[in-house]
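Visitor: I would like a close look at the inside of this protein. Please take me through the buried parts and the hollow spaces.

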Amino acid sequence: MSVTFSVCKAAKSGADQSQSVFVVGQLEDLKQHAFCALAKASVAFTDHALMGLLNTSLASLSPSPLSGAHSSFLFAVAPGKYLRIHLMALPTDCSRHNAKHRPDVVYELAQKHAQPSFGADEGSSMVLFLSALNWNGSESVTGLVAGFCRAFPLFSKKTARPNEKTHRFSLVFFDCCALDEMNLAPYSPQDLESLANGVRQAAAMVDAPCNILHTTAFKDEALARASAVQCKLPGAAVTVEVIEGEELNERGYGGIYGVGKAASNPPALVILTYTPPEPQSTVAWCGKGIVYDTGGLSIKSKTGMPGMKRDMGGAAAIMNAFFCAAEMGAKKKIHALLCLAENAVGPLATRPDDIHVLYSGKSVEINNTDAEGRLVLGDGVAHASKHLQCDVILDMCTLTGAQGISTGKRHAAVVCNSDELEAEAVRAGKLCGDLLFPIPYCPEFFRDEFASAVADMKNSVRDRSNAQSSCAAQFIANHLCEFAGQWIHVDMAAPSHKGELATGYGVALLVQLFVFH
């Protein structure tokens with residue numbers, strides 16, 4: 001069964017014709033405003049019998065700080081027609097490094113209770129979000145949308161007979177302060193629908209294995225999406241440049257070429273550009289797109305290699321955020337550089353001790369072929385800084401296992417040369433639910449970790465106990481070519497997935513920071 005999302009007014013949600021209604025909010029708001037909010041959706045919910053059922057169900061809720069709480073009951077909307085109403089209580093507990101509206105718990109509750117609820121039947125459900133007084137109105141919207149929709153993964157190759165039916169979720173927002181439907185500005189319903197689709201599509205790409213989403217398939221997907229989006233953009237332009245295979249070597253992209261040359265599908269640098277009619281500024285997003293990482297000749301272990309299909313999570317997030325931004329009519333000129341390669345083992349594989357010259361012109365002695373993401377991103381940021389006249393260059397990547405140790409499973413690590421941009425990124429993460437936490441930016445402390453006797457630098461650190469994630473970021477920064485603008489690095493290795501499934505991390509963050517900011 002496929003699932004779709006739409007954002008609409010309560011009266012247009014078809015709530016009384018739905019199979020289920022989900023009411024999501026903090027417990028006190030559910031107690032005080034759930035009945036009023038439901039009444040906005042349908043006259044069927046003005047029956048005071050509903051109030052008694054609501055109160056009984058609410059009395060059973062005791063949300064925990066980590067997982068919230070859920071209860072449900074059946075309500076007769078017409079003779080012989082029953083609707084299941086789900087109450088999802090969010091925690092009021094929230095530290096200063098988390099999002100007040102708890103998108104993490106929205107995701108958990110949706111995964112446990114909304115995903116199984118529609119069963120095998122075609123139909124629809126309404127999701128009614130109650131905005132708490134301390135959520136600052138519409139600022140909570142992107143986090144709630146991204147949190148709920150990522151509970152519904154798109155990718156599956158299970159052999160059970162596919163169900164061609166569709167279940168539609170109508171998302172409705174109620175402002176508990178105004179006691180009315182929320183004014184969503186600056187977001188439009190179409191913006192939020194695009195965001196929901198972008199998060200899910202990014203997660204689907206990360207979930208897809210390399211025999212399906214290899215470098216050529218990734219490139220083809222970017223080309224097809226660019227063509228489709230361009231048709232919808234009056235007055236704006238989307239263009240694509242592809243540098244692939246031997247051309248990378250000929251033109252000096254030694255990082256991408258060196259990592260990907262042993263694979264059966266060629267490495268590629270795909271450069272997407274969105275140009276609005278009057279751009280306010282120019283940004284470049286560089287995504288690590290290692291479609292599979294064996295570790296190369298510094299090969300990973302039997303237990304360390306499974307899951308390495310996810311090593312293109314940065315490029316997947318950037319590509320999908322790019323198309324979201326274009327569909328939303330972003331005011332900035334945006335370049336998305338997808339640095340695509342498979343780190344394979346074979347006769348042509350890069351060896352430890354090999355020396356590659358990256359697009360920056362700097363030589364790199366390879367002392368660890370499993371430190372490959374920084375090599376492809378080195379080429380990406382060098383291209384952006386040389387040719388694209390950017391105000392901001394961002395790279396996003398599943399770069400280091402040390403990231404999860406440094407900032408945990410929920411927060412990506414951010415390294416930035418600007419206090420202002422770093423603070424803006426952290427704030428954007430709290431709004432959209434793609435959380436970030438800063439780690440040190442200190443080139444004078446970390447450059448020496450890459451010292452080489454025969455090249456400009458090595459690709460892996462001398463001392464693995466010295467801020468590995470910051471050092472890896474610094475390697476990428478070493479290849480910025482006379483760049484005077486703002487640079488920001490997002491290492492999202494741990495939050496890119498939860499268990500065996502991808503989260504679509506990064507799409508909402510980029511949209512929040514660069515489109516809605």
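What percentage of the 517 residues of the chain count as buried?

Guide: This is a predicted model. In it, 60% of the 517 residues of the chain count as buried.

Start with the overall build. The chain holds 15 helices and 20 strands. Its radius of gyration is 24 Å, close to the 24 Å from the globule rule for 517 residues, so the chain is as compact as a globular protein of that length. Along the principal axes, the C-alpha atoms fill a box of roughly 80 × 50 × 45 Å. Contacts reach far along the sequence. Among those between residues at least 6 apart, 78% join residues at least 24 apart.

Now the nonpolar cores. The largest has 102 residues. F148, F173, F218, L272, W285 and L338 touch the most other members. Helix α9 supplies the largest share of this core, 11 residues. A second core is separate from it and has 47 residues. V381, F446, I476 and L480 are included there.

Take L272 as a sample of the largest core. Set aside its neighbours within four places in sequence. L272 then contacts A222, A226, T239 and V240, among others. Its list also includes M319, F322 and F323, along with I334, H335, A336 and L338. L338 is itself one of the residues that touch the most other members of the core.

Helix α3 shows burial on a smaller scale. It spans residues 103-114 and is mostly covered, with 9 of its 12 residues buried. The run P103, D104, V105, V106, Y107, E108, L109 and A110 is buried, and A114 is buried too.

Next, the closed spaces. A search of the whole structure finds 2 cavities of 30 Å³ or more. The largest has a volume of about 90 Å³. It is lined by 14 residues, and G258, V259, N343, T350 and T369 lie nearest its centre. That lining has 7 nonpolar, 6 polar and 1 charged residues.

The second largest cavity has a volume of about 30 Å³. Its lining is A202, V206, G313, A316, A317, M492, S496, G504 and Y505. Helices α5 (189-207) and α9 (313-327) each give two or more residues to it. Helix α9 gives the most, with 3. By class, the lining has 6 nonpolar, 3 polar and no charged residues. So α9 serves two interior features here: it gives the most to this lining, and the largest share of the largest nonpolar core comes from it.

Open spaces come next. The second largest pocket has a volume of about 590 Å³. It is lined by 31 residues, of which K300, T398, L399, T400 and G401 lie nearest its centre. Strand β10 (282-293) and helices α10 (373-387), α11 (402-407) and α14 (468-477) each give two or more residues to the lining. The class count is 10 nonpolar, 12 polar and 9 charged.

Finish with a residue that is not buried. K458 lies in strand β17, residues 457-458. Its relative accessible area is 26%, so K458 is partly exposed. Beyond its neighbours within four places in sequence, K458 contacts V364, E365, N367, F450, A451, S452 and F475. For distance, compare it with A317, which lines the second largest cavity. K458 and A317 are 141 residues apart in sequence and 28 Å apart in space, C-alpha to C-alpha.

Conventions: Residues numbered from 1 in each chain as written. Predicted model: local features only at pLDDT ≥ 70, side-chain atom pairs only at ≥ 80, totals over all residues. Heavy atoms only, no water. 1 Å grid on protein atoms, 1.4 Å probe; cavity = no way out; pocket = protein on both sides within 12 Å on 5 of 7 lines; lining within 4 Å. Points joined across faces, edges and corners; volume = space filled by probe spheres on them. Helix = DSSP H or I, 4+ residues; strand = E, 2+ residues; numbered from the N terminus. Nonpolar A, V, L, I, M, F, W, Y, C, P; charged D, E, K, R; others polar. Buried < 20%, exposed > 50% of the residue type's maximum accessible area, 1.4 Å probe, protein only. Contact = heavy atoms within 4.5 Å. Core = buried A, V, L, I, M, F, W, Y, C linked by side-chain atoms within 4.5 Å. Rg over C-alpha atoms; globule rule 2.2 N^0.38 Å.
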